[in-house]
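Let's take a walk through this structure together. Keep the sequence and the 3D view open side by side as you read.

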Amino acid sequence: MSLSNLRLKRRSFVASAALTFGAALALSGCGGADDTPTYRYRLTLEVDTPEGLKTGSSVIEVETDVAGDYAIATPGRVSHELRGEAVTVDLGDGRVLFALLRSNSDSDWASRVMFMLAPAYAGEGAFQNRFDAMLRKRAEMALPRYFPRAGHLDARSAYPMLVTFGDLSDPTSVEQVDPDDLAATFGEGVRLERITVQMTDDPVTTGIEERLGWLGKIREMNLEREDFPSDIPVGDFSGMFKKETIR
Amino acid sequence: MNREVFFSLLALDSYNRGYGANVDGLWETGRIGAAKIRPFRPDEQSGWQDAGFYAIAYEWNGETVISYRGSNFEIVFDTIDAALDSPLVKDIWNGWTVGAGFNQASQAGLAIAFYEDVTKKSVFDFGNGAATLTGHSLGGGLAGFVGALSYNNAVGFNHMPYGLAAKSQALFEATRRAVSALGLDHYTVAQVVEGIEGRFRDFVEPTRTTDIGAKSCPLLHSIPAPR
């Protein structure tokens, strides 16, 4: 049997699989392609130091998809893809502060922060109205320290997770940094001034792998969970620093 | 709590953890009921979001349970041909080739890899009871797929068909072992399959069975693992 015949048999299987969703097939044409726009924003950190203000920024791109009313398994589900990397701020003496693509509580922080800053709407079309309002806001915005309490959720940090490394070549030397007390990590006189975001058309920032050579190679290093601090999520460790889910 | 009911909660839980979680505020650590979440290894989730894949494992009363998340797919097709090109097909069972089995970056490949990471056993190490698989929709299909390959129990909820995918992957593994055992290393698996007319026809006939016991892998049973 030739390879092409094997592929044909596989298509027959797929046809059979499609038929098992007979009821779903009856709902033909009820989904439709999602046309939610892709956008970019610049994330900037400003840090006061005894040597003056230090800044770093990164342009991040977000693609948002909204599932149709008849999507399976979760109609109306909002999903994101991201392209971008963490912000790096050089503080001198080899010390580097990183603002990750996630917050302490939300692994999708970088995909949602701009939307979360837009005014909330109610009623039909609430999501689309809020999304449109987000796109219209082009001015620089300073992040609040916390997002308001919502439903069962207490007020959550609106800041990205901040970390530094004792040794940039050793991923296990990662250390979380308290945004309210940078001095505890970097010494007296170092203080987070503010974190801002702003819509932009600038190209997505690249190059962090030149500073963090182990990015994407963690699995080859045969490291275990216990090698990292317990307060650092590690399941997608490299993904906290760089994502390219948008191709 | 009824065992199947609890599995339904674990199947649901995979939608609420990690990237793209349906519910805010749930970490990838801690517990759900009596099930303790197995900690992820560093970068264990590498490539998952690219593939739209997610899974999570638990220890529940001495039993290892793996819950696979189902991807969303749109009902945008109105013909069978269009259905074949739907996200359903592309997300799930794409990536299989005669020469290499399921691509390691495909959902099926990642489902196998996570099973092996969690259990520290090959998916072809039969009947070891290493884990129980569960999932909803596509996730249920992945659970059945891995369960069929590994002879482990799987509990699927509105799950996708998986039988032919499991047979196809078993076919690839059997052929790979045969090629190695017979010292035919100068041939590729694809070349061996192409050279045998009709023998694999019975293996790849379409089937509607969703029987978890896809145990008819005679080639795999009779050929020992390569040393």
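Before we start on the sheets, one convention: two strands are said to pair if DSSP finds at least two bridges between them. Keep in mind, too, that what you're looking at is a predicted model.

With that in hand, start in chain A, with an open sheet of six strands. Reading across, the order is E6-E11-E1-E2-E3-E12, and the pairing is antiparallel. The edges of this sheet are strand E6 (141-142) and strand E12 (242-244) of chain A, each of which pairs on one side only. Further in, strand E2 (residues 52-66) and strand E3 (residues 78-85) of chain A run antiparallel to each other and are joined over six bridges. If you want one spot to zoom in on, find A:Thr64, whose bridge partner in E3(A) is A:His80.

Now bring in helix H3 (residues 109-117) of chain A, which packs on this sheet. The helix touches strand E1 (39-49), E2, E3, E6 and strand E11 (191-199) of chain A, and its direction makes about 110 degrees with that of E3(A).

Stay with E11 for a moment and pick out A:Leu192, which sits in that strand. Is A:Leu192 buried or exposed? A residue counts as buried once 20 or more other C-beta atoms lie within 10 Å of its own; A:Leu192 has 21 within that distance, so it is buried. Setting aside its neighbours within four places in sequence, A:Leu192 is in contact with A:Val47, A:Pro179 and A:Leu182. For a sense of scale, try A:Ala86: A:Leu192 and A:Ala86 are 106 residues apart in sequence, and their C-alpha atoms are 16 Å apart in space.

Chain A also has an open sheet of four strands, in the order E4-E5-E9-E10, again with antiparallel pairing. Here the edge strands are E4 and strand E10 (174-177) of chain A, each pairing on one side only. Ignoring direction, neighbouring strands of this sheet are turned by 30 degrees against each other on average. E4(A) and E5(A) pair in the antiparallel sense over five bridges, and A:Asp90 stands opposite A:Val96 in E5(A).

Look next at the loop between strand E4 (87-92) and strand E5 (95-99) of chain A, where you'll find A:Asp93. Most residues other than glycine have a negative phi. A:Asp93 isn't a glycine, yet its phi is positive, about 60 degrees. A:Asp93 counts as exposed, because it has 8 C-beta neighbours inside 10 Å.

Over to chain B, whose secondary structure comes to nine helices and eight strands. Of its 227 residues, 48% count as buried. Take the contacts in chain B between residues at least 6 apart in sequence: 55% of them join residues at least 24 apart.

Helix H1 (residues 3-13) of chain B is a good one to look at end-on. Its buried residues are B:Phe7, B:Leu10, B:Ala11 and B:Asp13. Seen down the axis of H1(B), these fall within an arc of 155 degrees, so they line one face of the helix.

Finish at B:Ser137, in the loop between strand E7 (132-136) and helix H6 (138-150) of chain B. B:Ser137 is another non-glycine residue with a positive phi of about 60 degrees. What about its surroundings? B:Ser137 is buried, with 25 other C-beta atoms within 10 Å, whereas A:Asp93 counts as exposed.

Notes
Residues are numbered from 1 along each chain as its sequence is written. Chains are lettered from A and ligands numbered from 1 in the order in which they are written. This is a predicted model: local features need pLDDT of at least 70, side-chain atom pairs count only at pLDDT 80 or more; totals for chains, interfaces and linings use all residues. Helices (H or I, at least four residues) and strands (E, at least two) are DSSP runs, numbered from the N terminus. A residue is buried if 20 or more other C-beta atoms lie within 10 Å of its own, exposed if 12 or fewer, and partly exposed in between; C-beta atoms are placed from the backbone. Two residues are in contact if their C-beta atoms, placed from the backbone, lie within 7 Å. Axes are lines fitted to C-alpha atoms, for helices over the stretch in contact, and angles run from 0 to 180 degrees between N-to-C directions. The arc is that of the directions from the helix axis to the C-beta atoms.
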